[in-house]
Amino acid sequence: MFGRKGLDVKTPDQIRRMRLAGLVVGETLELIRGLAGAGMTTGDLDRTAEDFIRSKGATPSFLGYHGFTGSLCVSVNEEVVHGIPGPRILREGDLVSIDCGAIVDGWHGDAAISLIVGGREAGSARDCALMDATLASMWAGITALAVGCRLYEVGAAVEDCIVDAARADGLTYGIVEDYVGHGIGTEMHQDPQVPNYRVRDRGPVVKSGVTVAIEPMVTLGSAETDVLEDDWTVVTQDGSRAAHWEHSVAVTDAGIWVLTALDGGQEQLEALAAAYAPLV
Ligand code: MG
Ligand code: MG
């Protein structure tokens, strides 16, 4: 059903149910974005997120996933993804990526944001530029999606966006290749994988009802990563800082619905002249 070459498709009703999970994820990330401040621990953020997710009648999908102990992944500075929430205290100027997943009635949502503790004015120009370039590359990848396109055009769009941004910003950006986007539905991670870079294969043809998580991870240096001894935390090998943005997206004949964006992606999609297509 989820063959390497094929793409699982969802019915409109199933996509509407995924939207409910996506909204819980989007609301959780909005809450955490407003809360993340200097002096808080990553564990504080995690407890708030778990309580909020449960208050919505949803289940945190990360908690217990292959033994993961958090409801969020909180990855600070040189940590790329999969940071375990705990006693680490956030400091002004930290570049923090927060990844969240929730399940509603068996359907998953998965999204991530990056932020600077203390706000952009507390961040270095380089970190802000990295965060912005990574965000823009996620939207470039999302807007590359359309029925009839080939799935790996997403990665080509992400890569082109990052290459252009690196030139414009006068910085070196590395696109992480060890971790990629993925199909999503009744499981958080479904086939196929969605690379964030150009590959030889063009990938499967995108059909109406495809749902995927698009999630570029970009560094201020090399793209090489290591996993810490906790077996989870992914860090850059060269110690450079990293940013991560993610949305779960549904593609239909009418266009794109960003399931984990509170506005369904309307503002960004319209700004980028892409078809915003909520299922009502
Ligand atoms: Mg995620
Ligand atoms: Mg994901």
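Helix α3 (residues 125–143) lies across β10 and β13, and α3 runs at about 35° to β13. Helices and strands here are DSSP runs, numbered from the N terminus: helices are H or I with at least four residues, strands are E with at least two. Angles run from 0 to 180 degrees between N-to-C directions, with axes as lines fitted to C-alpha atoms, for helices over the stretch in contact.

Please keep in mind that this is a predicted model, where local features need pLDDT of at least 70 and side-chain atom pairs count only at pLDDT 80 or more, while totals for chains, interfaces and linings use all residues. Residues are numbered from 1 along each chain as its sequence is written, chains are lettered from A and ligands numbered from 1 in the order in which they are written, and side-chain values use heavy atoms, with hydrogens and water left out.

## Two sheets

The strands under helix α3 lead us to an open sheet of three strands, ordered β6-β10-β13, with antiparallel pairing. Two strands pair if DSSP finds at least two bridges between them. At the edges are β6 (174–175) and β13 (242–244), each of which pairs on one side only. Between β6 and β10 (residues 217–219) there are two bridges in the antiparallel sense, and Gly174 stands opposite Thr219 in β10.

Another open sheet has five strands, in the order β8-β7-β9-β14-β15, again with antiparallel pairing. Its edges are β8 (190–194) and β15 (255–258); each has a single partner strand, so one side of each is left without a neighbour in the sheet. On average, neighbouring strands of this sheet are turned by 25° against each other, direction ignored. Five bridges join β9 and β14 in the antiparallel sense, and Val212 has Val249 in β14 as its bridge partner. Helix α1 (residues 12–35) packs on this sheet and touches β9, β14 and β15, where contact means heavy atoms within 4.5 Å. The direction of α1 makes about 35° with that of β15.

## The magnesium ions

The model holds a magnesium ion as ligand 1 and a magnesium ion as ligand 2. Donors are N, O and S atoms within 2.8 Å of the metal (3.2 Å for Na, K and Ca); water is not among the atoms, so sites may look incomplete.

| Ion | Protein donors | Distance to ion | Spacing in sequence |
|---|---|---|---|
| Magnesium ion (ligand 1) | Asp99 (OD), Asp99 (OD), Asp110 (OD), Glu246 (OE) | 2.0 to 2.5 Å | D-x10-D-x135-E |
| Magnesium ion (ligand 2) | Asp110 (OD), His182 (NE2), Glu215 (OE), Glu246 (OE) | 2.1 to 2.3 Å | D-x71-H-x32-E-x30-E |

The two ions lie 3.1 Å apart, and Asp110 bridges them. Glu215 sits in the loop between β9 (210–214) and β10, and Glu246 in the loop between β13 and β14 (247–252), so this pair ties together parts that are 31 residues apart in sequence. Both Glu215 and Glu246 are buried, meaning under 20% relative accessible area (exposed is over 50%, partly exposed in between; 1.4 Å probe, protein chains only).

At the magnesium ion (ligand 1), which shares Asp110 with ligand 2, a longer stretch of sequence comes into view. Asp110 belongs to strand β5 (residues 107–116) and Glu246 to the loop between β13 and β14, so the pair ties together parts that are 136 residues apart in sequence. Asp110 is buried, as is Glu246.

## Leu115, along strand β5

Leu115 is found in strand β5. With a relative accessibility of 7%, Leu115 counts as buried. Leaving aside neighbours within four places in sequence, the contacts of Leu115 are Arg33, Ala36, Asp94, Leu95, Val96, Ile98 and Met131. Leu115 and Ala243 are 128 residues apart in sequence, yet their C-alpha atoms are 8.6 Å apart in space.

## Rings and cysteines

Rings of Phe, Tyr and Trp (its six-membered ring) pair if their centres lie within 6.5 Å; planes under 30 degrees apart count as stacked, over 60 as edge-to-face and the rest as tilted. By this rule there is one aromatic pair. Phe68 and Trp232 form it edge-to-face, at 4.9 Å centre to centre and 75° between the planes. Phe68 lies in the loop between β1 (59–60) and β2 (72–76), and Trp232 in the loop between β11 (225–227) and β12 (234–236), so the pair ties together parts that are 164 residues apart in sequence. Phe68 is buried, at 3% relative accessibility.

What about disulfides, that is, pairs of cysteine sulfur atoms within 2.5 Å? A search of the whole structure finds zero. The sulfur of Cys128 has its closest cysteine sulfur in Cys161, 17 Å away and too far for a bond. For Cys149 the closest cysteine sulfur is also in Cys161, at 17 Å, again too far for a bond. Cys128 is buried at 9% relative accessible area, and Cys149 is buried at 10%.

Notes: Disulfide = S-S within 2.5 Å.
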